[in-house]
Each structure stands twice: as C-alpha cells, then as structure tokens.
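Biologist: Could you take me through this structure and explain the words you use for it as we go?

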Amino acid sequence: MDFWPEFLASSWGKEFVAGGCGGIAGIMAGYPLDSIRVRQQSSPSGSAFSILRHVAVKEGPLALYRGMAAPLASVTFQNAMVFQIYAILSRSFDSSICSNEPPSYRGVALGGIGAGALQSLMLSPIELIKIRLQLQTQNQHKNMGKGPLSVAKTIITTEGYRGMYRGLTVTALRDAPSHGFYFWTYEFIREKLHPGCRKTGQESFNTMLFAGGLAGVASWVCCYPLDVVKTRIQAQTPSSKVKYDGIVDCFKKSVTNDGYGVLFRGLGTAVCRAFVVNGAIFTAYETALRVFFNNNGNLNTLQTDNPI
C-alpha cells in the first residue's frame with residue numbers, strides 16, 4: 001500500500017518515473033517519422049514526402065502510429081534500465097575517480113557501449129514487432145495482426161520462438177556503438193556550452209535540449225547502415241520474396257540490388273526524428289523532475305532562462 005509514496009520519495013524513484021515520462025514523450029513525438037524511416041529503408045525507392053503522402057491518402061494518418069503500443073508499453077522499464085546500467089558501468093571503468101566527480105569521457109563512452117549492448121536483448125523483439133506492424137498495408141492490417149500481441153503470436157507460430165529474436169546480433173552491433181556516441185556527445189557538448197556543468201549539474205534547460213538533440217543525431221549517423229540492414233532482416237517473413245542469410249548477405253544483396261545509396265536511405269528522416277525525439281525526452285524528463293521536487297518543497301537548481 002505504501003510502495004508508491006515511498007518509491008516517489010526517493011531520488012531513484014523520481015528519476016525512474018521521469019525517465020519513463022521522457023521516453024513516452026519521445027515516442028509520441030517521433031513515431032510518425034520513425035514509421036516513414038522504416039518504410040524508406042525497406043522499399044526500393046521513395047522520398048519521405050512521397051511515402052507520407054501515400055500513407056496519408058491510402059491508409060490514413062493514424063497508419064503512421066501503427067505498432068506504437070509495443071515500444072510504448074516497454075519504454076519506462078527500457079529507459080530506466082539503460083540509464084541505470086550506464087551510470088553503473090561508466091563509473092566501473094573509472095574506479096579511481098571520487099564519487100562526487102563525474103566519470104571521464106572514456107568511462108562515459110564505454111558505459112554507453114555496455115548499456116547499448118545489454119538493452120538490445122530486450123529491444124530486439126520489441127523492434128521486430130514494431131517493424132512488422134509499421135510495414136503492414138491497410139489490407140494486411142485488417143486480415144492479419146491487429147496489434148503487438150497478435151503479431152508476436154503469428155511470429156512464434158510461423159517462425160518459432162527463435163524468430164522473436166531475428167536481428168538480435170545486428171541490433172546489438174548497432175546499439176552498442178550508438179549509445180557510446182550518444183552519451184559521450186551529450187556529456188561533451190553540454191560541458192563545452194557550460195564549462196563545469198558536469199560537476200555542478202547547473203546547465204541551462206536550453207543547453208540540455210540542444211546537447212540531447214545533437215547526441216541523438218550523432219548516435220544515428222554513426223550506425224545508420226547497420227540500422228538499414230537490421231530493418232531489412234527483421235522485415236523478412238517466411239513469405240518474403242528476398243531472403244537474407246545473415247548480416248553480410250543482407251548487406252551484399254541490398255547493395256547489389258539498390259546500390260550503396262540504400263545504406264543511407266531515410267537518413268534525413270532519422271536525423272530530424274532524432275533531434276525532435278531527444279528534445280521531447282529532455283523536456284518531459286526535466287518537467288517531471290520539477291513537479292516531483294516542487295511537490296516535496298524543494299527547488300530544482302536547473303537554470304531555465306539562460307541562453308545556450
């Protein structure tokens with residue numbers, strides 16, 4: 001009965017819930033762009049605007065939110081897990097640094113790599129279901145799975161339990177370096193904009209949004225070809241015309257059939273989405289923390305009016 005009051009009274013509980021709010025806001029803000037990106041990656045051609053127009057006319061605007069329930073349902077735990085693992089690992093690689101000192105940039109990068117690799121174990125089946133739903137046409141959506149659970153059941157029936165982890169290796173190869181770049185870029189940019197803020201934690205609100213947006217962009221640019229390969233592998237079903245026998249085979253066939261440009265198809269959409277999503281994440285995260293701290297009679301020391 002007293003779990004939630006005690007949980008929210010702790011700083012860990014506040015950060016956990018605030019992280020969940022941030023993740024939900026990020027998904028809500030960036031999901032339509034993510035649906036367009038997935039369709040760009042899996043199709044032989046098509047610009048973001050042509051795909052958007054086609055989906056809006058043929059399937060309706062809500063089709064851009066198809067498959068959102070799977071990541072939305074897991075985002076709180078996923079975000080909490082990633083940031084907690086990152087916090088532990090970043091300090092584990094810098095055991096000589098005092099507890100009141102921020103981890104080194106080396107520790108930040110290695111902690112991010114470890115957190116990204118571990119989170120792929122949970123993220124891979126979620127993204128598999130999400131991609132299958134995003135790529136359904138209107139007729140397929142009516143005749144096949146109506147939601148994440150139905151799609152998961154279909155995958156297990158037709159491909160077995162191993163099918164739920166299709167693309168796990170390439171997901172880990174994508175997420176490990178991308179999370180390393182993400183956390184390193186965020187810490188580096190905010191320190192450059194507000195020297196000393198890594199220790200004091202008193203950078204401006206705009207700085208956090210800007211640094212988070214750039215970190216999201218950096219994390220996507222560094223791993224985008226692997227994301228294209230991941231999408232194509234996870235989009236493959238037993239009835240698919242083109243079959244991929246692993247990461248290298250998918251890379252070769254994609255380049256042979258569509259040219260090297262296919263490895264960067266949808267990058268512009270992904271970059272725009274990354275900035276929007278991370279802006280939404282940090283806005284929701286900081287707003288939630290302010291609500292929690294103000295309700296306890298404490299003031300948030302984060303500056304909000306200073307320019308970057």
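Biologist: What makes R132, which lies in helix α5 (residues 105-134), a buried residue?

Modeller: The relative accessible area of R132 is 10%, and buried means under 20%, exposed over 50% and partly exposed in between, with a 1.4 Å probe and protein chains only, so R132 counts as buried. This is a predicted model, in which local features need pLDDT of at least 70, side-chain atom pairs count only at pLDDT 80 or more, and totals for chains, interfaces and linings use all residues. Residues are numbered from 1 along each chain as its sequence is written, and side-chain values use heavy atoms, leaving out hydrogens and water.

Biologist: Why is the pair of Y86 and F183 called stacked?

Modeller: The structure holds seven aromatic pairs, where rings of Phe, Tyr and Trp (its six-membered ring) pair if their centres lie within 6.5 Å, and planes under 30 degrees apart count as stacked, over 60 as edge-to-face and the rest as tilted. The centres of the Y86 and F183 rings are 3.8 Å apart and their planes are at 5 degrees, so this pair is stacked. Y86 is in helix α4 and F183 in helix α8 (residues 168-193), 97 residues apart.

Biologist: How do you know whether Y86 and F183 are buried or exposed?

Modeller: Y86 has 9% relative accessibility and therefore counts as buried, and F183, with a relative accessible area of 3%, is buried too.

Biologist: What makes C21 partly exposed?

Modeller: C21 has a relative accessible area of 32%, so C21 is partly exposed, whereas C250, at 0%, counts as buried.

Key:
Helix = DSSP H or I, 4+ residues; strand = E, 2+ residues; numbered from the N terminus.
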